[in-house]
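Subject: Structure handover

Hello,

Please find the structure below. My notes on it come after.

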Amino acid sequence: MRVIPVIDLQHRLVVRGVAGRRDEYRPIQSSLCDNPEPLAVGRALVERFDFGELYLADLDAIAGAEPAWDVYSQLAECGLGLWIDAGLTGPSAARRLAEFTTDGRPLAAVIAGLESLADADHLRAMVDVVGPERLVFSLDLKAATPLAAAPAWRGRDAESIAVGALDSGVRRLIVLDLARVGTGTGAGTETLCRRLRQLDRHWEITAGGGVRGPADLAGLADSGCDAALVASALHDGRLTPSDVAEFLRIPLQR
């Protein structure tokens with residue numbers, strides 16, 4: 001199972017996310033580096049853990065600002081394959097991210113988040129624009145309840161939304177409960193991930209939010225997750241380089 005570090009970017013600094021309360025986020029204090037600038041944090045993650053991927057939540061873009069293109073380029077130049085969540089609302093915004101390159105290298109993943117998409121029908125169009133190999137649908141939850149911007153998704157349960165995404169051509173899925181982010185209470189989505197794995201044994205499932213350490217990673221691996229998103233536990237030292245390396249060797253449960 002892959003372990004993918006997460007950076008929450010706000011006002012051009014890496015911040016520590018807690019329970020999705022973005023107005024309360026503050027610059028991160030990390031044992032890995034002495035300042036919250038994204039390039040410093042990115043380099044520290046590469047040097048300490050040898051990560052090759054990075055999930056970046058561009059919180060200003062999610063709130064409606066222009067994506068931080070220069071920061072994306074800086075981090076890509078560290079050798080990181082970037083997963084970018086810039087609050088995409090539809091296909092035209094997805095195309096801009098899909099066409100973005102650094103030294104000829106495109107983004108590794110373009111995130112279409114449930115909390116941002118304005119229309120459920122946009123998802124199929126975004127799969128066509130970005131391609132199923134790079135488009136990742138984020139099943140955004142808060143306290144286990146889907147955070148849906150699109151009217152067609154409101155009031156639906158997480159599993160039925162995931163089925164609709166699968167029918168739209170999605171082959172990569174993130175399961176993230178924002179209420180768990182930065183709280184150190186565990187991901188809390190293992191049962192849902194196990195049910196989603198049963199829907200399709202071949203799509204990629206990534207989960208995160210609240211991962212405390214190796215035991216939580218083991219739970220996600222046992223639930224059939226292909227990858228886990230982690231932030232605070234890396235900066236606090238609860239996950240060490242040897243812990244991360246160990247999970248690369250765990251066989252997936254299918």
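The notes cover confidence, two loop residues and one helix residue.

This is a predicted model, in which local features need pLDDT of at least 70 and side-chain atom pairs count only at pLDDT 80 or more, while totals for chains, interfaces and linings use all residues. Residues are numbered from 1 along each chain as its sequence is written, and side-chain values use heavy atoms, with hydrogens and water left out.

Confidence: pLDDT is the predictor's confidence in each residue, from 0 to 100. Its mean over the protein is 92, and 94% of the residues reach 70 or more. Among the elements (DSSP runs numbered from the N terminus: helices are H or I with at least four residues, strands E with at least two), the highest mean, 98, belongs to strand S5 (residues 81–85) and the lowest, 81, to strand S3 (residues 26–27).

Loops: most residues other than glycine have a negative phi. His11, not a glycine, has a positive phi of about 55°. His11 sits between strand S1 (2–10) and strand S2 (13–16), in the loop. Asp50 also has a positive phi, near 60°, and lies in the loop that runs between helix H1 (38–49) and strand S4 (53–58). His11 is exposed at 61% relative accessible area, and Asp50 is exposed at 66% (exposed means over 50%, buried under 20%, partly exposed in between; 1.4 Å probe, protein chains only).

Helix: Leu217 belongs to helix H8 (residues 214–222) and is buried, with 0% relative accessibility. Beyond its neighbours within four places in sequence, Leu217 has contacts (heavy atoms within 4.5 Å) with residues including Met1, Val3, Ala228 and Phe247.

Regards
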